[in-house]
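Please open the model in the viewer and keep the selection panel at hand. The stops below proceed by selection, each followed by what is to be found there.

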Amino acid sequence: MENVVTKQSIPLLTPYKMGRFNLSHRVVLAPLTRQRSYGNVPQLHAVLYYAQRTTPGSLLITEATGVSDTAQGYQDTPGIWTKEHVEAWKPIVEAVHAKGGIIFCQIWHVGRVSNKSFQPNGQAPISCTDKPLMPQIRSNGIDEAMFTPPRRLSTEEIPTIVNHFRLAARNAMEAGFDGVEIHGANGYLIDQFMKDTVNDRTDEYGGSLQNRCKFALDIVEAVANEIGPDRVGIRLSPFADYMESGDTNPQALALHMAESLNKYGILYCHVVEARMKTMGEITECHPHTLTPMRKAFSGTFIAAGGFKREDGNEAVDKGRTDLVAYGRLFLANPDLPKRFEVDAELNKYDRSTFYTSDPVVGYTDYPFLDSTAS
Ligand SMILES: Cc1cc2nc3c(=O)[nH]c(=O)nc-3n(C[C@H](O)[C@H](O)[C@H](O)COP(=O)(O)O)c2cc1C
C-alpha cells in the first residue's frame, strides 16, 4: 500500500502521451556513448544493456549513432549507414520492444570533433568551418586522439550530408526503431553550424541566426519527410559550449529553433540544461533557462542535464518539462524508475568504465535493487 501511494505522488512516474506513444512514466534513458560497438557495428552485448534499462511504456534514446563514414570521431561508436549496421541493431530494438519499451535512435555526425584516423582514406574531418579545435584533452574525458583541422564543406556539398541523415533515418525505421533523435547538441556538426563562435560562413548557411540554423532545419525537414514528423525528435544544447561550440546569444538561438521546429510538427525537442556547463559536471546553476524555449515549442519537451529524483519531480510538477532524460544515473542504475518509485539508494557511477570496451564491466554489471532481476 505504501508503494502505491508513493508511486501516485511522484510526478516522474505519471503516464504521458507523446504523440502516438503511450509512456507509462517520464524517466527517459538519455543518449549515452559507450564505445562498445566494435568496428562501428552494434554488438549483442547491447541487447542486454538496453533491455536492462527498459520498463513497459518507457522511452529510451540510443547512444549517438553515425550517419555515414565521415561521421565518426571516437573508437567503436555504432553506425547506421550500412546493411550490416541495420541488421545488428535489430535484436537490440526487438529486445526493448519485447519488454514494452519505445526506442529512438540518436543519429549523429561529429563534424570537426574528429581525427583523420577515423576518416575514410585518412582525409580531414568536415565542418562548417576550417577553424580547428584546440589540441586538448577532450572535455568528456576521452583523450586518445588530437583533432585534425577540418575541411570546410562547400555549399554544393551540404545537400549530400543532409541526405545522409535522411538515409540514416530510413535505415533506423528498417531496423525497427520507433523514431530518431537528430543529434543537434554538444558541439557536433549540427551544433557547429548553429553557433556563431564556430560558423564563419558567408553563404546561406552562415551569418544570420536564420542562416546558421538552416542546416539543422534542412535535416529536420528531410528526416520528417522521410519517416513522418511524429517519429522525429531533436536534441539541442544552445546554452552549452562543449567542444568550443558556444553562441554569443543562446537565448535567441533557443527561441528561434523552438519556433522554427513548430513548422515541421516534429514529436519532441530534447534540450540540455544551461547548468551543464561542462560534460558530466554541474558547474553553474541557472535552473529555469529552458522555460522560454519550452513555452515556445508546441511538441513534447524533454529536459536533461544533472537531474536527480527531486528536481526531476519538481520540473515535471511545475510544468517546466514533460519528460526528464537521465544519463549517468541511468547508466549506473538499470532499474532507475523503480529506485525513484521506492526512493531507494542509487548505485554510484564509475567514470573510469564509461568508455571502455569491456562487454560486461561497467556496462551490464551494475546491480538491480532486486539482484535476481536482469
Ligand atoms: C558516458 C556518457 C556518454 C554520453 N554520450 C552522449 C551521446 O552519445 N549523445 C548525447 O547527446 N549526449 C551524450 N552524453 C550526455 C548525456 O546524454 C547527458 O546529457 C549528460 O550526461 C547530462 O545528464 P546527466 O546529468 O543525467 O548525466 C553522454 C554523457 C555521458 C556521461
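Where is Asp343 found? Select Asp343 in this predicted model: the residue is found in the segment after helix H11, which spans 336–342. Display its backbone torsions, and phi of Asp343 appears near 55 degrees, a positive value in a residue other than glycine. Most residues other than glycine have a negative phi. Asp343 counts as partly exposed because its relative accessibility is 48%.

Next, select Asn121, which also invites a torsion check. Its phi is near 60 degrees, again positive in a residue other than glycine. Asn121 has its place in the loop between strand S6 (102–108) and strand S7 (126–127). With a relative accessibility of 79%, Asn121 counts as exposed.

**The whole chain**

Now select the protein chain and switch to a cartoon display. The protein chain contains 11 helices and 13 strands. Of its 374 residues, 60% count as buried. Among contacts in the chain with a separation of 6 or more, 74% are between residues 24 or more positions apart. A surface display corresponds to about 14,100 Å² exposed by the protein chain, of which carbon and sulfur atoms supply 53%.

**A loop histidine**

Is His25 buried or exposed? Select His25, in the loop between strand S2 (21–23) and strand S3 (27–29). His25 counts as buried because its relative accessibility is 7%, and buried means under 20%. Show the polar contacts of its side chain. One is a polar contact of 2.8 Å that joins the side chains of His25 and Thr55. The side chain of His25 also reaches the backbone nitrogen of Val27, at 3.1 Å. Extend the selection to the surroundings, leaving aside neighbours within four places in sequence: His25 is in contact with Leu12, Leu13, Thr14, Pro15, Thr55, Gly57, Ser58 and Pro337.

**The nonpolar cores**

Which residues have the most contacts inside the largest nonpolar core? Select Tyr50, Ile107, Phe215, Val223, Met257, Leu261 and Tyr326, which hold that position in a core of 84 residues. Then colour helix H6 (residues 209–227), as this helix contributes the largest share of the core, with 11 residues. Centre the view on Phe215. Residues up to four places away in sequence are not counted here; Phe215 touches Ile158, Ile161, Val162, Leu189, Ile190, Phe193 and Tyr205. For the second, separate core, select Phe21, Ile61, Ile102 and Leu267, which are included among its 16 residues.

**The ligand**

Finally, select the ligand and the residues around it. There are 17 such residues, and Thr33, Arg235, Gly306, Gly327 and Arg328 come nearest. The shell divides into eight nonpolar, seven polar and two charged residues.

Which side chain has an N or O atom 2.9 Å from a nitrogen atom of the ligand? Select Gln106 to see this pair. Oxygen atoms of the ligand are the next items to inspect. A polar side-chain atom of His183 is placed 3.2 Å from a ligand oxygen atom. At Ala64 the partner is instead a backbone N or O atom, 3.1 Å from an oxygen atom of the ligand. Of the 610 Å² of accessible area that the ligand has on its own, the protein covers 96%.

Note on methods: Residues numbered from 1 in each chain as written. Predicted model: local features only at pLDDT ≥ 70, side-chain atom pairs only at ≥ 80, totals over all residues. Heavy atoms only, no water. Near = heavy atom within 4 Å. Polar contact = N/O pair within 3.5 Å; in protein donor to acceptor, adjacent residues only side chain to side chain. Areas by Shrake-Rupley, 256 points an atom, 1.4 Å probe, with all protein chains shown as cover. Nonpolar A, V, L, I, M, F, W, Y, C, P; charged D, E, K, R; others polar. Core = buried A, V, L, I, M, F, W, Y, C linked by side-chain atoms within 4.5 Å. Buried < 20%, exposed > 50% of the residue type's maximum accessible area, 1.4 Å probe, protein only. Helix = DSSP H or I, 4+ residues; strand = E, 2+ residues; numbered from the N terminus. Contact = heavy atoms within 4.5 Å.
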